[in-house]
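Work through these exercises with the sequence and the model side by side. Try each task before reading its solution.

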Amino acid sequence: MEKQGKNTGQKKAAGREAEAEAENVTYLLQCADGTLYCGWTNHLDKRVKAHNQGKAAKYTKPRRPVTLVYYEVFATKEEAMRREAAIKKLSRREKLELVAKNRQAGRFP
């Protein structure tokens with residue numbers, strides 16, 4: 001039984017380490033119909049794949065494929081969630097300006 005306790009403790013420690021290494025990201029996707037979707041995650045690659053598999057959000061499921069066009073990295077989940085809320089309040093034009101600035105900086109093609 002001691003062995004199980006040690007393994008459980010190791011799994012918990014590994015989980016905490018993975019959480020500490022995870023990035024908190026606010027992102028914008030461009031959907032196949034041209035609309036934009038904003039969200040946040042701590043595993044950007046997995047989240048974009050989930051959107052494209054139809055498993056992430058009801059909004060993006062019928063609008064696949066989606067393309068990542070913008071993201072920002074934050075130290076905490078709360079910061080990423082606040083930025084998501086702020087971006088969602090922006091007009092479409094303002095969101096497209098964020099995407100354009102990102103492209104000019106060479107982050108996306």
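**Exercise 1. Find the partner, if any, of Lys 95, and describe its surroundings.**

Solution. Lys 95 is buried yet has no salt bridge. Buried means under 20% relative accessible area, exposed over 50%, and partly exposed in between (1.4 Å probe, protein chains only). A salt bridge needs a side-chain nitrogen of Lys or Arg within 4 Å of a carboxyl oxygen of Asp or Glu. The nearest side chain of opposite charge, Glu 94, is 8.2 Å away. For charge, Lys and Arg count as positive and Asp and Glu as negative; His and the chain ends are not counted.
Next, place the residue: Lys 95 sits in helix H4 (residues 92-104). Then list its contacts, meaning heavy atoms within 4.5 Å. Leaving aside neighbours within four places in sequence, Lys 95 contacts Leu 28, Leu 36, Ile 87, Lys 88 and Leu 90.

A note on the source: this is a predicted model, where local features need pLDDT of at least 70 and side-chain atom pairs count only at pLDDT 80 or more, while totals for chains, interfaces and linings use all residues. Residues are numbered from 1 along each chain as its sequence is written, and side-chain values use heavy atoms, with hydrogens and water left out.

**Exercise 2. Write down the order of elements in the chain.**

Solution. Helices (H or I, at least four residues) and strands (E, at least two) are DSSP runs, numbered from the N terminus. The chain has four helices and three strands. From the N terminus, they run α-β-β-α-β-α-α. Now check the loop between helix H2 (44-52) and strand E3 (67-74): Pro 65 is found there. The peptide bond from Arg 64 to Pro 65 is cis, with omega near 0 degrees.

**Exercise 3. Which residues make up the largest nonpolar core?**

Solution. A nonpolar core is a set of buried Ala, Val, Leu, Ile, Met, Phe, Trp, Tyr and Cys residues joined through side-chain atoms within 4.5 Å. The largest has eleven residues: Val 25, Tyr 27, Leu 29, Cys 31, Tyr 37, Leu 44, Val 48, Ala 57, Val 66, Leu 68 and Phe 108. Strand E1 (24-30) and H2 each supply at least two of them. E1 gives the most, with three. Apart from this core lies another, of eight residues, among them Cys 38, Val 69, Leu 98 and Val 99. In soluble globular proteins, nonpolar side chains tend to be buried together.
Finally, check the cysteines. Cys 31 is buried at 4% relative accessible area, and Cys 38 is buried at 4%. The whole structure has zero disulfides (cysteine sulfur atoms within 2.5 Å).

**Exercise 4. How many salt bridges are there, and where does the pair Asp 33 and Arg 63 lie?**

Solution. The count is four. Asp 33 pairs with Arg 63, their closest N and O atoms 3.1 Å apart. This pair links distant parts of the chain, 30 residues apart: Asp 33 is in the loop between E1 and strand E2 (36-41), Arg 63 in the loop between H2 and E3. Both are partly exposed, Asp 33 at 46% and Arg 63 at 23%.
Turn to the helices. Lys 88 meets Glu 84 at 3.0 Å, N to O. They are separated by about one helical turn because they lie four residues apart in helix H3 (residues 77-89). Lys 88 is partly exposed at 46%, whereas Glu 84 is buried at 13%. In H4, Arg 93 and Glu 97 are also four residues apart, and their closest N and O atoms are 3.5 Å apart.
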